[in-house]
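Let's take a walk through this model, from its packed interior to its rings and its empty spaces. Have the viewer open as you read.

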Amino acid sequence: MILPCRIHRTRRLIDSVPLALLFAAFLLAPRNEAIGQGATVPLDITAGVDIGYDDHVIGSSATTSSSGQTSFFARENVVLSYDRPKERTELRLVAVGRFDQFLDVGTDDKDLNVTLSLTHNFSTRLSFRADVYAAYQTEPNFQSNVGPENVRSPHFNTRDIFSLTYHWLPRFNTVTSYTFDRILYAQSSSVGTSSNRTQQTLGEQFRFSLTSRTSLIGEYRFETINYDSVPNRNSIIHLALAGVDHHLTEHLSFHVSGGESFLSLENDGDTVSPYFEGLLGYTSGNHSLNWTTSYGFEAPTTANASTRKTLRTGVTLTYGLTSRIHSTAAVNYHHDENQGGSSGTSSAGTQDSLELSLGLRYTINKRFALHLDYQHTMQGSMGSTPGYSRNRYSAGLTLTY
């Protein structure tokens with residue numbers, strides 16, 4: 001396996017470099033250095049330190065409910081962003097490194113992730129877009145279906161979307177896409193048996209501009225899910241969808257799409273379920289709101305489930321209270337209906353998961369800023385596995401260079 005080796009090499013490299021030297025390297029790096037006459041590099045580097053308190057630290061490779069402990073923690077943050085808009089090839093890159101030390105427990109957490117967005121216009125009709133996300137994390141992920149949220153274990157995940165858009169007529173275009181997902185937990189983690197998998201999706205979308213504000217959408221997706229260790233969970237999903245994009249006002253828009261999804265387990269069992277996804281977005285001068293919701297099949301991550309249906313919703317709000325004070329609030333919730341049995345027809349239990357975060361940021365000047373953050377996570381019980389609740393409080397200082 002190539003990926004585990006890369007992951008372990010990355011962990012050893014990070015552990016061997018003192019954080020002080022890492023921060024020094026970032027802080028001493030030139031920002032917007034000139035490249036020839038009048039040219040600059042659109043690069044920003046932000047470094048910060050936080051202190052905080054966690055009332056339920058998750059034990060290593062164990063369920064949160066059985067190993068939660070209270071602890072103060074210290075965190076170092078480094079964020080590198082590169083943005084080159086309004087070019088024939090637009091490129092945006094954000095790289096994040098977060099390192100937590102739990103002072104009363106003696107464990108460390110790492111969160112390394114990279115987000116890349118690239119758009120290239122070959123002509124007025126043909127364009128290409130790539131959205132690449134890769135992360136190496138220790139803490140569970142509540143925003144997407146990576147693995148169980150009651151387990152703390154090192155894992156790698158990536159989601160990469162590549163698409164071609166072609167405008168056949170002034171009002172009609174197609175979008176051909178390929179999506180690659182890979183979930184890989186450390187070899188020493190037992191959760192990898194039920195979660196390590198590869199997902200691939202081919203999609204074809206047809207878009208017709210009914211008016212300047214409204215587009216009608218028809219879409220077909222073909223998805224394969226292949227597990228590393230449990231081949232009886234491997235499945236194929238077909239989705240047939242219809243939807244609409246509409247701009248209610250200059251600042252408010254929504255997308256709604258729905259239809260049927262058809263799931264076939266490898267060598268055993270077919271099932272059908274409705275599928276729905278929606279997005280509501282609002283953007284103004286000093287505030288924004290994004291609300292996403294979906295319902296349909298997702299890859300199961302519990303040992304006794306062969307299929308899973310999930311209702312997932314998330315809301316993110318940002319609001320500028322003054323020119324110096326900005327607030328953020330986010331809620332992510334999902335309800336899982338796990339099915340077991342040879343054809344996924346018997347109930348394996350339901351479970352609810354919730355993540356709430358609040359933040360307040362005060363800009364001192366163009367370089368320094370203070371922030372306060374609160375995070376609450378909760379997961380309900382399922383069968384013999386008890387639920388848990390967790391709160392994290394932190395404050396910190398950031399420097400943008």
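What follows covers nonpolar cores, aromatic pairs, charges over rings and cavities.

A word on the ground rules: this is a predicted model, so local features need pLDDT of at least 70 and side-chain atom pairs count only at pLDDT 80 or more, while totals for chains, interfaces and linings use all residues. Numbering runs from 1 along each chain as its sequence is written, and side-chain values use heavy atoms, with hydrogens and water left out.

Start inside. A nonpolar core here is a set of buried Ala, Val, Leu, Ile, Met, Phe, Trp, Tyr and Cys residues joined through side-chain atoms within 4.5 Å; buried means under 20% relative accessible area, exposed over 50% and partly exposed in between, with a 1.4 Å probe and protein chains only. The largest such core has 11 residues, among them Ile-225, Tyr-227, Leu-239, Leu-263 and Phe-297. Strands β9 (214-227), β10 (235-247) and β11 (252-265) each supply at least two of its residues, and β10 gives the most, with three. Strands are DSSP runs of E, at least two residues long, numbered from the N terminus. A second, separate core of five residues includes Val-146, Val-151, Ile-183 and Tyr-185.

Tyr-227 from the largest core also has company on its face: Arg-233 lies over it, 5.2 Å from the ring centre. The rule asks for NZ of Lys or CZ of Arg within 6 Å of the ring centre and within 35 degrees of the ring normal. Arg-392 lies over the face of Phe-73 in this way, at 4.9 Å.

Now for ring against ring. Rings of Phe, Tyr and Trp (its six-membered ring) pair if their centres lie within 6.5 Å, with planes under 30 degrees apart counted as stacked, over 60 as edge-to-face and the rest as tilted. That gives four aromatic pairs. Tyr-166 and Trp-168 have ring centres 4.7 Å apart and planes at 75°, so they are edge-to-face. Tyr-374 and Tyr-393 are tilted, at 5.2 Å and 40°; this pair links strand β17 (residues 368-379) to strand β18 (residues 388-400), the two tyrosines being 19 residues apart.

Last, the gaps. A cavity is a set of points, on a 1 Å grid over the protein atoms alone, where a 1.4 Å probe fits but cannot get out; lining residues have an atom within 4 Å of a point. There are three cavities of 30 Å³ or more, and the largest has a volume of about 70 Å³, that is, the space filled by probe spheres set on the points, which are joined across faces, edges and corners. Its lining includes Asn-145, Arg-308, Asp-336 and Gln-379.

Technical notes: Helices (H or I, at least four residues) and strands (E, at least two) are DSSP runs, numbered from the N terminus. On a 1 Å grid over the protein atoms alone, a cavity is a set of points where a 1.4 Å probe fits but cannot get out, and a pocket is an open set with protein on both sides within 12 Å along at least five of seven lines; lining residues have an atom within 4 Å of a point.
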